[in-house]
Amino acid sequence: MKTETIAIHAGNKKDESSKAVIQPIILSTTFERGIDGDFPGGHIYSRSSNPNRESLENVLAKLEGGADAASFSSGNAAGMSVFQSLAPGTHVIAPDDMYHGLRNQLKNLFADILTFDFIDVNNTTILQQHIKPETGLIWVETPSNPLLKITDIKKIVAIAKPKGIKVACDNTFATPICQQPITLGADLVMHSATKYFGGHSDLMGGALITAEKNEWWAKIRQVQEMGGAIPSPTDCYMLARSIKTLPYRVKGHVHNAQLLAEFLEKHPGVEKVMYPGLPSHPQYAIAKEQMLAFGGMLSFIVRGDEEHTRTVINKLQLFTRATSLGGVESLVEHRATVEGPDTKTPRNLLRVSVGLEHIDDLVADLDQALS
């Protein structure tokens, strides 16, 4: 099936008792056992599994072309479950501009359990220099947050696989509509489902999708069940419902982001635009080869200092000043203040989650703020 069809049908089960076309929300935390002690409905306890979560995980796996999926209460919970699945002493290589939430997990929660290096994973010489006998995971994030760097997934896999090193990819910015890392050789894909999967800024969730049901995946599933950081049945239902429109929403986000990036690149008040769909992007050729579309996120550097940048962001009227991304409404954020004192983000950078408003209105709003 094509992506649009998968999004609509793979996350839904018709209710056999009522013949309802849309799967109901099953709020029960526990499920009745059969006379012989088994579980005829396939579920024991809602922390372990739930019909709504089962449907959500089915559509997530199929969208990414994976063998299985596990859903979590947040993107951070999904990422943390990966780190928890690694044996103590495992060495992790991660990008130097890794999403700050997961970077801080490694630095603050796993400092005495795992070892790690934050490097420019795009530089294959530096990458190979940092590989150790105990290296077990290379984490990539492409496009990256908030600098929109593109990592050549195939190149990372070619280095990692002969050494038995797993490759995990944070695909949140791209979504499976724009990029499918498993088809490029990645072992694991991670999403903050709060973002484009949810798409309406009203629920939280996370997801992991595996290329194979192997020993590592069994460990991740164990962390999911025993740790219990799972989404509620209602959140699973809402995510599965939102995913039905994901392919069409993302097409709109991509369309607006491309036009907005082209406008900003020509604006005298802008020093630099970071969007993989621009030929001026340093990794444009890689993005064009490995991405199906260039995504709905962009960042730009305002021509001026931090004070002027704050003036610009405060003049915007349609772009809401808020964190997060992937909703139908456009958001803008002064990213450096969110990431803390060790941020590598320029102080005059604004990150934009391009929404589904009419592009002419978005252009006009940015134009008046920058002028």
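Here are some worked exercises on this predicted model.

**Exercise 1. Cysteines**

Work out how many disulfides the structure holds, and say where C178 stands in that picture.

*Solution.* Start with the count: the structure holds zero disulfides. Now take C178, which is in no disulfide. Its nearest cysteine sulfur belongs to C169 and sits 13 Å away. The cut-off to hold that against is 2.5 Å between sulfur atoms. Next, is C178 buried or exposed? C178 counts as buried because its relative accessibility is 1%, and the cut-off for buried is under 20%. Try C236 too: with a relative accessible area of 1%, C236 is buried.

**Exercise 2. The neighbours of β5**

Find which strands pair with β5, and in which sense.

*Solution.* Begin with β4, residues 135-141: five bridges tie β4 to β5, and the two run parallel. To see the register, look at W139, which faces A168 in β5. Then turn to β6, residues 188-192, which pairs with β5 over three bridges, again in the parallel sense. Here C169 has V189 of β6 as its bridge partner. As background, strands of a sheet pair through backbone hydrogen bonds, either parallel or antiparallel.

Now for how covered β5 is. The strand spans residues 166-170, and four of its five residues are buried, so call it mostly covered.

Last step, the connection: β4, helix α6 (residues 153-160) and β5 form a β-α-β unit, and its hand is right-handed.

**Exercise 3. Two helices and what covers them**

List the buried residues of α6, then decide where they lie around the helix axis.

*Solution.* The buried residues of α6 are I153, I156, V157, I159 and A160. These residues span an arc of only 160° around the axis, so they are on the same side of α6. What covers them? The cover includes α5 (124-130), β4, β5 and α11 (284-290).

Repeat the job for α4, residues 100-108. Its buried residues are H100, G101, L102, R103, Q105 and L106. Among the elements covering them are α3 (75-84), β3 (115-119) and α13 (335-339), along with β4, β5 and β6.

**Exercise 4. The five-stranded sheet**

Lay out the open sheet of five strands in order, then place the helices on it.

*Solution.* Write down the order: β8-β9-β12-β11-β10, with mixed pairing. The edge strands are β8 (270-274) and β10 (320-321), each pairing on one side only. Helix α10, residues 246-266, packs on the sheet, where it touches β8 and β9 (297-302). The direction of α10 makes about 15° with that of β9.

Then add α12, residues 306-315: this helix lies across β9, β10, β11 and β12, and runs at about 160° to β11. For one pairing up close, take β11 (residues 331-334) and β12 (residues 349-353), which are antiparallel and joined by four bridges. In that pair, L331 stands opposite S353.

**Exercise 5. The surroundings of L362**

Decide whether L362 is buried or exposed, and say which residues it touches.

*Solution.* First place it: L362 is in helix α14, residues 359-370. L362 is at 0% relative accessibility, so it counts as buried. Leaving aside residues up to four places away in sequence, L362 touches N256, L260, L318, F319, S330, V354, G355 and E357. Pick L318 from that list: L362 and L318 are 44 residues apart in sequence, yet their C-alpha atoms are 7.0 Å apart in space.

Technical notes. Residues numbered from 1 in each chain as written. Predicted model: local features only at pLDDT ≥ 70, side-chain atom pairs only at ≥ 80, totals over all residues. Heavy atoms only, no water. Buried < 20%, exposed > 50% of the residue type's maximum accessible area, 1.4 Å probe, protein only. Pairing = 2+ DSSP bridges. Right-handed = clockwise from strand over helix to strand, strands pointing away. Contact = heavy atoms within 4.5 Å. Axes fitted to C-alpha atoms, helices over the stretch in contact; angles between N-to-C directions. Arc of directions from axis to C-beta.
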